[in-house]
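Reader: I have a few terms to sort out. Can we take them one by one?

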Amino acid sequence: MAISLAALLGVPSLKLAKAGLAETTWHQDIVWVAVTEQEDPQRFLNGGELVLTTGMRLKSAPDQRRFVRQVQRAGAVGIGFGIGLTHDAVPPALIAEANRWALPVVEVPYETPFIAIGKLVADAQSADHFTKLERLIAGHQILARALLTGGGLAELLKHLGSMLRTEIVLTQFTAQLYNSVPGNPAPSTEGWSSFPIPTGRRDACTLWVKKPFEDSGIVGYAQNLISVELNNMVKQRQSQRALAGQVLEDVIRGTLEPSEATRRLTGIGVNSTRRNVVLLAESAAHAKQLVASSLPQPLEAAVTAVVGKDLVAVVPDDGRGVSALAKGLADHLAEAGIHATIGIGGAYTKPNGLRWSYFEARDAASHGLPVNEPERLSLTSLLLASEDVPLADMADEALNPLRNFDAAHGAELLSTLECYLNNNGSVAAVAEELTLHRNTVRYRLAQVTDLTGYDPAQTSDRVQLWLALAVQRLSARHPR
């Protein structure tokens, strides 16, 4: 351990004696020993030193007083005055000035070399440094062992808090991955120190350490370990979501027997005997980041999977609390820089119910809002849920003649047809919306009939064309 003036006086071999009355820094650790014969040593001192001198140039009382003031201003812990060379005793003027400025003075006898004092202080500093190094290495081993033995981030941070004797919080965007404070309050910049945890991904998080605490270097090591563990968690998350996605895709296609679907869902953690809700997040701009993203803490109980390019979360819920969960997910993704739309499905039991919830969520997400509530499952969505109905092919067969004609002639037959269907077959409304003459609208509708064989004025044909357009929109958003 570092040594103080009081401790130096207790070393018999040095034969040091106290001179003067000051004891202000008597028990303060000595940072270093500075030997000087300068009249003004202040510029050579950094603070915390024991200044040793024989007073070779301090022959007058004014010089001695000035020397004391310079040493005191530099922040030294005291003066060791060597006697037997220039001075037979510590000069009274020096002692008086030192008392005035509360600066301790010790008398160093002639037979005690300054180097002996310097060596003793240096040995104490080395021992102190070695002890701290040993403690730091031991701390490294404890933190690393917490991860290697399967304790994870929680165990690592628990040990880190014990070492620093303070509270620890680990946040990731809107989520708290760990909080040692009762009640889990959010940390703030006031009263807490923050340390960024870089991962090279969108999963960067922040380590918060409550003040005061003494950091011997262990926090930096903990940052590295947390970064490694977060990267491992991302890889595990991707692997688990890929596996769960394979199961959900089979359930969604309806290719499994009910008993087999139930068994496989149980294998990924989905209890299909109770109500489950599907949350679906889609992002054309950030699809890759989306499927690997972390989730907010309230969704930790959800089973997540990658289905196509979408992130799907199966939440055990009766539907009453799912809106808040969806809003939390949207906020969490936005905080991570991922622009996504969230679709909410209904709450159902059994594997078929999970299928219905998925298609409701997918249909809801197509509305484009940040969070989209479920609606009654549409006929189009139900037909798309069946692998046995070649609905996309039927839609192409009906609409391709119009696409080809529009591409060749710029006729805008498709847009006119869609406007006609959206306006419940009102030619006047179409003419007003598209700024066309009514006869132009009628002429275009006649062309639609000639090219497709379906007459938009007939109810059965109108349903066929409307369904084809609906399938086209959904298929464009969610290609198989």
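Author: Start with a cavity: the second largest has a volume of about 40 Å³. The model is predicted, so local features need pLDDT of at least 70, side-chain atom pairs count only at pLDDT 80 or more, and totals for chains, interfaces and linings use all residues. Residues are numbered from 1 along each chain as its sequence is written, and side-chain values use heavy atoms, without hydrogens and water.

Reader: What makes a set of points a cavity?

Author: On a 1 Å grid over the protein atoms alone, a 1.4 Å probe fits at the points but cannot get out. The volume is the space filled by probe spheres set on those points, joined across faces, edges and corners. A search of the whole structure finds 2 cavities of 30 Å³ or more.

Reader: Which residues line the second largest cavity?

Author: L279, L280, A281, L295, T304, L311, V312, A313 and L329 do. Lining residues have an atom within 4 Å of a point. β10 (276–282) and β12 (310–316) each supply at least two of them.

Reader: How does that lining divide into nonpolar, polar and charged?

Author: It has 8 nonpolar residues, 1 polar and no charged. Ala, Val, Leu, Ile, Met, Phe, Trp, Tyr, Cys and Pro count as nonpolar; Asp, Glu, Lys and Arg as charged; the others, Gly among them, as polar.

Reader: Why is S194 called partly exposed?

Author: Its relative accessible area is 42%. Buried means under 20%, exposed over 50%, and partly exposed in between (1.4 Å probe, protein chains only), so S194 is partly exposed.

Reader: Where does S194 sit, and what does S194 touch?

Author: S194 lies in strand β8 (residues 192–197). Strands (E, at least two residues) and helices (H or I, at least four) are DSSP runs, numbered from the N terminus. Leaving out residues up to four places away in sequence, S194 touches T206, L207 and W208. Contact means heavy atoms within 4.5 Å.

Reader: Is strand β4 mostly covered or mostly open?

Author: Mostly covered: in β4 (residues 78–82), 5 of its 5 residues are buried. G78, G80 and G82 point one way, I79 and F81 the other. In a regular strand the side chains alternate between the two faces of the sheet.

Reader: How do you know that β3 and β4 pair?

Author: Pairing takes at least two bridges found by DSSP. Strand β3 (residues 49–53) has 4 bridges to β4, and the two run parallel. One of the bridge partners is F81, for T53.

Definitions and conventions. 1 Å grid on protein atoms, 1.4 Å probe; cavity = no way out; pocket = protein on both sides within 12 Å on 5 of 7 lines; lining within 4 Å.
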